[in-house]
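This report covers pockets and aromatic contacts in a predicted model. Which elements each supply at least two residues of the lining of the second largest pocket?

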Amino acid sequence: MWRSFLRGAASAATTRYRLTSSTAIKVLPPASSKTVSATRFSQPLYSRGYAAKTTKSSVTKVKKNVSKTKSKADIKSEASAAAADDVDYDEIRARRLAEDENDKSLDVGPNGRPLFTSTPSLSQLSHKDSCSYMKFRMEDLNAALPEGLPMGMVKEFEESKRSALLVRQCFLDLRDNFRRVVDPPLQSSDGKGQKVRKQIVLDGPVSCGKSIALAMLVHWARDEGWLVFYVPNGREWTHGGFFYRNPQTGFWDTPVQAANTLQDFLKYNESRLQELPCQIFDPIPLGEGAGVGWMKGVDSMAMPESSTLYDLVQTGLTYTHAAVGVVIRLRKELSLVKDIPVLLAIDQYNNWFTFSEYEEPVTVRSCRPLHARELATVNAFRPMMHNDMMVGAFSHSTAVGKLRKDLPDVPIDARINFPRYNLDEAATVCHYYLRQRLILREAFSEEGWKKIFYLSNGNGAEMRWLLPFMK
């Protein structure tokens, strides 16, 4: 019995030593069996050891938290101070630009050439106006492009504090190409004239001005009296809203995007559409409406023989079940218009050659992504294998990725490369930004802007961002 008591006391002492050694507590000699048993099962031993261990670390954590709090407060104060400085700078710059408006000696480009062209319209621009800026009124731009301005154009206006755009030779070539389609010139004596393209795909590096050139082409065509179907955001046709599979056609209907497209088309062309009669009178197939399902007992809608294209568009806006069918019918009707030139202009055209945002459930745990060509509206407007005038612009800012050179349903020679700024255009751009006080006049030099031009490789957005750092 005494031997078992000694064996228990020894094990208790060993256990007590292990516990206290890990918690850095001073080991107390065992007084008696009662004391040992009380020490083995008492909680204060652990709590005091935990407090003794974490005293130093807790102080360190408190210091770190204080430093983090101070750093966050400092960051917020610095950010607010920087924002206040930016506001003050913008106000000062706007005030100085207003004072410079009457000083015509500042409107000088490279080699003493005029910085701004005096040509009043896009149709009258010639080769002599290239490498100069053309002023616009925002009211006129919004009236000519009610569907919306390209983001690159909006950013340019915001940064430069002026609604003016550079006249580029590549835009003049694009405009003259479609001008020759409508009004073919006389062939030269050797029988070799300039090749005319009715279908063009604008490709090129990011921020080289494709969307701006397309918008200006639409502006020019509408000034000439053309009927233009302009889609400034082709990506929206493949993202968002409702999508339903139409068993009659086998394609997927997107009624929300179809209604938005009809509304945009009506903004500028309402009066012209009221004068153009419909030439197809087949019933318009109906689909599911936006969030309302199928129309009971009806699968098509007939158009009266006296209907105009305006009546056709209004039908799609009034009945959500007919929106997709009206967009598809409108594409066919536009091909039959012969009284006035018709131009189809699609920005972000490359989004129609990849997968959409939509997915079709295959099993309980898997879905199949839908390609853009499976959407009814995209399938109607994407092909270029026809005799209509059509231009599409790629937009690399939408992160679609690089597409193959031979695109389906697109002529092989339709894809052209839209260039970045060349040296002459970059010189004009830098002098324009100097005029708009994006660059300090005492820091501006020919060597400096050429370095920025080569550093950015002629990228317009990068040049605009780098030029204020010129010293």
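α3 (44-100), α5 and α14 each supply at least two residues to the lining of the second largest pocket. Helices here are DSSP runs of H or I with at least four residues, strands are runs of E with at least two, and both are numbered from the N terminus. A pocket is an open set of points on a 1 Å grid over the protein atoms alone, where a 1.4 Å probe fits and protein lies on both sides within 12 Å along at least five of seven lines; lining residues have an atom within 4 Å of a point. The second largest pocket has a volume of about 360 Å³, volume being the space filled by probe spheres set on the points, which are joined across faces, edges and corners. Its lining has 14 residues, and Y89, R93, E159, L438 and P468 are the closest to its centre.

The model is predicted: local features need pLDDT of at least 70, side-chain atom pairs count only at pLDDT 80 or more, and totals for chains, interfaces and linings use all residues. Residues are numbered from 1 along each chain as its sequence is written, and side-chain values use heavy atoms, with hydrogens and water left out.

The largest pocket holds about 890 Å³ of space. Among its 43 lining residues, G152, G209, K210, S211 and I212 are the closest to the centre. Two or more lining residues come from each of β1 (132-135), α5 (151-160), β2 (164-167), α7 (210-223) and α14 (460-466). The largest share, five residues, is from α7.

The table gives the lining by class, where Ala, Val, Leu, Ile, Met, Phe, Trp, Tyr, Cys and Pro are nonpolar, Asp, Glu, Lys and Arg are charged, and the others, Gly among them, are polar.

| Pocket | Nonpolar residues | Polar residues | Charged residues |
|---|---|---|---|
| Largest pocket | 25 nonpolar | eleven polar | seven charged |
| Second largest pocket | six nonpolar | no polar | eight charged |

Rings of Phe, Tyr and Trp (its six-membered ring) pair if their centres lie within 6.5 Å; planes under 30 degrees apart are stacked, over 60 edge-to-face, and the rest tilted. The count is 16 aromatic pairs. F243 and W252 form a tilted pair, because their planes are at 45 degrees, with the ring centres 5.8 Å apart. W252 is buried (under 20% relative accessible area, 1.4 Å probe, protein chains only), at 7%. F243, at 27%, is partly exposed, the class between buried and exposed (over 50%). Ring pairs also link F229, W237, F265, Y349, W352, F353, F381 and F394 into a cluster.

A charge sits over a ring if NZ of Lys or CZ of Arg is within 6 Å of the ring centre and within 35 degrees of the ring normal. R331 lies over the face of F381, 5.9 Å from the ring centre.
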